[in-house]
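Trainee: Got a minute to go through this one with me? I'd like to talk cysteines, then a helix.

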Amino acid sequence: MEIKVLHQVMDWNEDVSDEVKETLAAHHICMINVMGSPGAGKTSLITSLIGSLKANWRIGVIEGDIAGQTDAERIAALGIPAVQLNTDGACHIEAMSIQHILPELPLDDLDVIFVENVGNLVCPAEFRIGESLRITLLSIPEGDDKVEKYPLMFTDTDCLVLNKYDMMPYFEFDESRVGANYKTVNPDAPLFRVSSRTKDGIQELSVFIEEHIRKAQS
């Protein structure tokens, strides 16, 4: 019975996700779902990408958290339209929540929306939210076993970002292990090495993102 209920919820979420896609397509907006563990550096990465992209693209942000609004305030301080989406205990964002909160953003004045999903390597992978692009973060301090432990998150993504790459000298992190496991579950998706602190790798990731923004504009 529990499996049947979950299946029904997933089907309903897919329907709403398609509706969100239609809304975004009508405004020529690329929405990017940024996923990863708590502390993986999602907000810092989005902040760095804003710095790289804002000269050419109009950006908005939806900050997803179980509670609080610290991250949304951090983004808004950059002069970027930002709204806070609190899930009140849920471990992921669902498409219905995105559908409800989109009107809070100036859609006619945006080219791209970053959605920072709730920190979790399990639930967010299972729920589409109408996004054009999925980015999964794995930070160096988290360890090199996460692709094996949470395969769906790394299978159902458009790219993997090894974040906090400047920390490599300080951790026993087997990059070849991660790369091999990632290639096994997601052979066609690229891998980027990024440090939001030093800004290394941000430009390469920005070029990848801009390709998807242009697709949404066409």
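Mentor: Sure, one term up front: buried means under 20% relative accessible area, exposed over 50%, and partly exposed in between, with a 1.4 Å probe and protein chains only. Mind that this is a predicted model, where local features need pLDDT of at least 70, side-chain atom pairs count only at pLDDT 80 or more, and totals for chains, interfaces and linings use all residues. Residues are numbered from 1 along each chain as its sequence is written, and side-chain values use heavy atoms, leaving out hydrogens and water.

Trainee: How many disulfides does the structure hold?

Mentor: There is 1, counting a disulfide as a pair of cysteine sulfur atoms within 2.5 Å. Cys91 is joined to Cys123, S to S 2.4 Å.

Trainee: Which parts does that pair tie together?

Mentor: Cys91 lies in the loop between β3 (82-86) and α4 (95-101), and Cys123 in the loop between β4 (112-116) and β5 (133-139), so the linked parts are 32 residues apart in sequence. Helices (H or I, at least four residues) and strands (E, at least two) are DSSP runs, numbered from the N terminus.

Trainee: And the handedness of the Cys91 and Cys123 link, left or right?

Mentor: Left-handed, with -85 degrees about the S-S bond.

Trainee: Why is Cys30 too far for a bond?

Mentor: Because the closest cysteine sulfur, in Cys159, is 11 Å from its own. Cys159 is in no disulfide either.

Trainee: Switching topic, which residues of α2 are buried?

Mentor: Among them are Leu45, Ile46, Leu49, Ile50 and Leu53. Helix α2 covers residues 42-53.

Methods: Expected span 1.5 Å × (residues − 1).
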